[in-house]
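This briefing covers one helix, one chain as a whole and one contact between chains. The topics are taken in that order.

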Amino acid sequence: MHSKNNKKPKLLWIQGLTCNGNTHSFLNLPFLSNILDKFELLYHPAILSTYEFSQISCCDLQCDVLIFEGTFDPQMQRNDSSMKKILLHYAKDAEYIIAAGSCASFGGIFKEVSPERNSGILFNEEEKNGPLIDYEEKIINLSGCPIHPEWLGYVLEMITASKKIVLDELHRPVELYSTLAHHGCTRNEYFEWKVDAKGFGLKEGCLFYEQGCRAPMTHASCNKILWNEVSSKTRIGTPCLGCTEPDFPRKNFFSTQTNMSIPQDVPLDVPKRSYLTIVGIAKTFHIKRLEGKLIDYKRAD
Amino acid sequence: MARITKEERRNGIISAALKLFSEKGFYITTIPDIAEKVGMSVGNFYNYFKSKDILAKELVLYISEYLGSQIREINERDISTEEKIYEIVSMYFDMADEKPEMIEYFLRVYLSNREVFAHGCEGMICVSAFVTEMMIFFDEGVAKNELRNQDFFSAFGLFMGYLGGMVFLFGEKILPEPLEWYKVSIAQNIYNALKE
Amino acid sequence: MITKELIERIEGEASLYLKMKDKKVDFATVVFPHFRGMESILEGKNVLDALVLTPRICGICGHAHLMATVRAIEDAYNNAGFGVQISKKAAKIREFTLIMEMIQNHFKWLYMVILPELRKLLGEEDTHKSQLKGAYAASLASKAIALFGGQWPHSSYMVVGGITADPTYIELLQAQNHLEKLVDFFEKETLGIQIESFLSFETCRDFNTFSSDVTEVESKLLKAKMHRMGFAFDQFLILGEHGFSKPMKLKRTRILNVDAKYLTTEEAYTPDVKSYAKNALYNGDYYETGPLGRMMAQGAPLIKNFHRRYKDSAYTRVMARIYELASVLEYARSLLGEIDISEESVVKSVDIKKINAIGEGIVEAPRGPLIHKISIKQGIIKEYSIITPTQFNIGSSTQKKPTPVQKAIQYSSKQEALFIFRTFDVCSVCTTH
């Protein structure tokens, strides 16, 4: 995007009720300084910027790209100023509004503090009735708890390159959220042959059947763009928590909800009958290689 | 006279084979027996089923799909789980009454001659159409809080073992009353055992 | 006349209400304005859900919360009679990732908070360029965490009986390599000297022979007279049991026993505006927590020297945190070398539904002891309470009985007070969980 004077676009990062997880995740971005160089940073909760918050809260400035992190609480104040007033002021003239994290996208974990009044900036879980509903065409949701730094890096770079960011019906960039967290998990073969993990702390087995992994139902690129450039939850044996979806946080994270041993939720858009038929067939076969240990350290030469 | 289609001929073989297997037994019935009953040459028979073992497996699939589609129809009805149990029991007992060769085949051939089905029908793959529908039934029953959540096989064994046992007794002519007389009490017992 | 100062960039914000007298702080109260109610969010939830929820109290020290939670749950298991064992491997990996989070925290505090604030205090210009050095170093530390924990921030890889990860030598070697790269960066960019040399310094004169970011901090602290102000009560509290710390309290240099049962909290004294933070006390008294106490306990010659000369001044506090950064980097290296991947990752224990008990988990987070207390009934959380280190350091009490930070900023100018406040490394979100 180009500002009128061909100066750098103005970036403003403000927060609702948050843990700062998205801020810290973003600080892990490789090439962070390249990205920051493309913007004039009006304010950021951790990085030195042009203004102090007391100047931002006076509401006589404007920005081009507005980032909001945290749950929106209409009664929240920062520096004795209403965050609702501040948000609405900057949203009006911003060309892009980015919800950084699941709290800002859907309400997330801190919606529970005051469920009747807290929400995301556009969505309230799945309903589109947040405070910035009038600006919905400008809003990009980067859900995730926290966001992956490269997801925000992607959006900011697409903006500076003036490229259109295609969004899904939840306003999430399709290039990041079309894949499932399931795509690229190193335990895929266990999923394919329905070999359950026999508990935590093992390299073997799929975490979907008993350990509550939500990856086959969750839109994310965690196993495509690795976390911290090295890994992901499911690769090291922690079930996906489904943190990019509007129903995060769910309950009973570490176990799969089953009805008579049948998983309540099956992979996204797969008809239950089809899924159960395949499971029934796959579970009939006992493939020795997949049922044993992946690595046999004691194998004699 | 309309020509009989391949489909109809195939179904004819299936029907005849089921009757013969359940009347005379699996090992005693021969391909020529079946071909004769259908009214075709043995050579032509082999165009439809390459061997007796293949026929045996196809019969299981056939029954399983039939049962599966019946249960699916019940599953899709907007009625309570308790009523669904009655409908499934009723359907199963009606089948045992009107098409005894199907359930008989299942109990007396499939379950009793495992060696015939060792290759190609491992585990439950040949009955998956039927088992899948029972899974859907249980899943929805628990999701609606009408059935108690428990292990699948515990519930499945209770339901199917019970039905199979009653049909077996019926086949042995031990039951004093007609099979349909038992529908209500059996359905009630199953519901009481599985309900939330 | 009371002026209000907004302090930002402390993982959230706080307001300092200053009563000045002759341009010096006579008395100040601290208000933390935001409330998120994690303790009530946790009530009624499945116990294991706490492993997902508590890390989300804080973006910079969420891992410490994760460990405090798992320790509390395991303690509850023990109290219920179902003792949980964890393998040495799981214990060491947990400790390693905890340390790496501390390292990440201290780098960010040094480069993103202290250096810019120190320069500002002395009237120098600054941009975010040098801040990003801290972000870069922190990202290397996060990589090492992610190799075992899957991701940072917000991994939930610690479970009852161990960890979900079952690493091979590949992950171990990769972690070692990232750590070496980080140490390399630290030595070249931050210290300007080898870690081992720095750790064996004996006096502040040892800083005069070279120049680096750390010597810049050291000399600027002296220039700003931080060695003559920022004194709290010269008593310190350590409660977490780790390879790098043992529970104890220190009154000056005297080491004494502690018992977590003497911990209490009280409402903050903030006459002007409501604060959502509670003060934490030990045996009815205020203690400082964090690196200064931990380094005093370790008894390193350089820290002893600082303390002898400058007591618990802002200078000592800052230098001690830098020293701890070097010290735990060394410790992390040795920890990695001790991990035996052939041990079990998880030792199985009974189903959580069988547990009816209370448990307590204490961890030395970057800023001091973090205490989680959980009350479990048949696998459900009946009650959950949390005390964070900032509650010890940055409490707000009366003039008669001030907290460490209130004492520390007395008699300094407003600008000096704002800097001294930050030498405690404040975490606003943790404090108002």
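**Helix H6 of chain C**

In H6(C), the buried residues are Glu171(C), Ala175(C), His178(C), Leu179(C), Leu182(C), Phe186(C), Thr190(C) and Leu191(C). The model is predicted.

- An α-helix has 3.6 residues a turn, so residues three or four places apart point the same way.
- The buried residues of H6(C) pack against four helices of chain C: H5 (131-149), H7 (195-199), H8 (213-223) and H11 (314-338).
- Helix H6 of chain C covers residues 169-191, and because each of its 23 residues is taken at 1.5 Å, with one fewer step than residues, the helix should span 33 Å.
- The end C-alpha atoms of H6(C) lie 30 Å apart, which agrees with that expected span.
- Gly192(C) follows H6(C) and has a positive phi, near 80°.

**Chain A as a whole**

- Chain A contains 10 helices and nine strands.
- Along the principal axes, the C-alpha atoms of chain A fill a box of roughly 70 × 45 × 30 Å.
- Of the 301 residues in chain A, 52% are buried.
- Among contacts in chain A with a separation of 6 or more, 69% join residues 24 or more positions apart.

**Contact between chains A and B**

- On the chain A side, 13 residues are in contact with 18 residues of chain B.
- Helix H9 (residues 272-282) of chain A supplies six residues, the largest share of the side of chain A that touches chain B.
- That side of chain A is made up of five nonpolar, six polar and two charged residues.

Conventions: Residues numbered from 1 in each chain as written. Chains lettered and ligands numbered in written order. Predicted model: local features only at pLDDT ≥ 70, side-chain atom pairs only at ≥ 80, totals over all residues. Contact = placed C-beta atoms within 7 Å. Helix = DSSP H or I, 4+ residues; strand = E, 2+ residues; numbered from the N terminus. Nonpolar A, V, L, I, M, F, W, Y, C, P; charged D, E, K, R; others polar. Buried ≥ 20, exposed ≤ 12 C-beta atoms within 10 Å, placed from the backbone.
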